[in-house]
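Please open the model in a viewer and keep the selection panel at hand. The tour below proceeds from one selection to the next.

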Amino acid sequence: MRKRTAHRWQLTLTLVIGVFVAAGSFWLVQLVNQSGQEQQLDQFRNEPDYIIDRFSMVRMTKEGKPAYIISGDKLTHRPIDDSSEIDKPFINSLSGRQPPMTIHADTARVDQGNTRVKLNGNVDVVRPASPTAEAMRLQSSTLTVFPDEERMETDAPVQMKLGNSTSTGTGMKTNNATRQLQQGGRGTITLPPKAPR
């Protein structure tokens, strides 16, 4: 009788351990599968949800007039952070209050709810002369533009030509709405000779 009871206890203990091992294995397999699925979802979240070739986008003012146009060779939108990458961007400011400006670059990233454009590579800003302002050209390797606020800034070296004057320096902040410019770092300014009287 004792042998039979001992045998039952061993069998019961073996079954209980087997059930725990099976349940633990099942839980571990589920955990690994769930982790793998989350990694795949994260990988796909960074995939673009749309790509547009040769696009053009017009941003309107509150009054319903065109404020600026952003165009480029290719726009890639990423839903994970609602950002867009642009190849060969071209920005054309159409503000009626200030002289219009055009901006070219190699690439751009648009983020922060389409309120910030980070331009990189051969950035070239041109503002033609107007009755109230001299022609301006600004060149840099990188530039951050806030189109709605008509502001631009960079920490990179900048070369600027305003009328017949030229200046170079590292870092710059400009506000087209207030017509203020602040150039930082060490640099040079070249002024044209005064006209004879």
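Begin by selecting Glu-149, which counts as partly exposed because its relative accessibility is 44%; buried means under 20% relative accessible area, exposed over 50%, and partly exposed in between, with a 1.4 Å probe and protein chains only. The model is predicted, so local features need pLDDT of at least 70 and side-chain atom pairs count only at pLDDT 80 or more, while totals for chains, interfaces and linings use all residues. Residues are numbered from 1 along each chain as its sequence is written, and side-chain values use heavy atoms, with hydrogens and water left out.

**Around Arg-151**

Add Arg-151 to the selection. The side chains of Glu-149 and Arg-151 meet in a salt bridge, at 2.7 Å from N to O; the term denotes a side-chain nitrogen of Lys or Arg within 4 Å of a carboxyl oxygen of Asp or Glu. Arg-151 is partly exposed, as its relative accessible area is 25%. Next, show Phe-146: the charged end of Arg-151 sits over the ring of Phe-146, 4.2 Å from the ring centre. A charge sits over a ring if NZ of Lys or CZ of Arg is within 6 Å of the ring centre and within 35 degrees of the ring normal.

**The strands**

Select residues 50-60, strand 1, and then strand 2; the two run antiparallel and are joined by ten bridges. Strands (E, at least two residues) and helices (H or I, at least four) are DSSP runs, numbered from the N terminus, and two strands pair if DSSP finds at least two bridges between them. Within this pair, Asp-53 stands opposite Lys-74 in strand 2. Strands 1 and 2 form a hairpin with five residues between them, and Gly-64 in the turn has a positive phi of about 85°.

Extend the selection to strand 3 (residues 83-87), which runs antiparallel to strand 2 (residues 66-78) and is joined to strand 2 by five bridges. Here His-77 stands opposite Ser-84, and the bridge partner of Leu-75 is Ile-86. The hairpin of strand 2 and strand 3 has four residues between the strands, and Asp-82 takes a positive phi near 55°.

Strand 2 is also joined by four bridges to strand 4 (residues 90-93), again antiparallel. Pick Ser-71 and Phe-90, since Phe-90 in strand 4 is the bridge partner of Ser-71. In the loop between strand 3 and strand 4 lies Lys-88. Lys-88 has a positive phi of about 55° although it is not a glycine, and Lys-88 counts as partly exposed because its relative accessibility is 45%.

**From strand 3 to strand 6**

Now select residues 107-111, strand 6, which runs antiparallel to strand 3 and is joined to strand 3 by four bridges. Glu-85 stands opposite Arg-109 in strand 6. Which residue forms a salt bridge with Glu-85? Display Arg-78: the closest N and O atoms of Glu-85 and Arg-78 are 3.2 Å apart. Glu-85 is partly exposed, as its relative accessibility is 29%.

Then turn to Arg-109 and Asp-81, whose side chains meet in a salt bridge of 2.6 Å, N to O. Arg-109 lies in strand 6 and Asp-81 in the loop between strand 2 and strand 3, so the pair ties together parts that are 28 residues apart in sequence. Arg-109 is partly exposed because its relative accessible area is 28%; Asp-81 is partly exposed as well, at 39%. Add Asp-111 and Arg-116, which are linked with Asp-81 and Arg-109 in a network of salt bridges. By the rule given above, the count comes to eight salt bridges.

**Strand 7 and the loop after it**

Select Asn-122, which is found in strand 7. Asn-122 has a positive phi of about 50° although it is not a glycine, and Asn-122 counts as exposed because its relative accessibility is 59%. Move on to Thr-132, in the loop between strand 7 (116-127) and strand 8 (136-146). Thr-132 counts as exposed, as its relative accessibility is 58%. To finish this stop, show Pro-99: the C-alpha atoms of Thr-132 and Pro-99 are separated by 8.4 Å, although the residues are 33 apart along the chain.

**Helix 1**

Finally, select Trp-27, which lies in helix 1 (residues 2-45). Trp-27 is exposed, because its relative accessible area is 56%.
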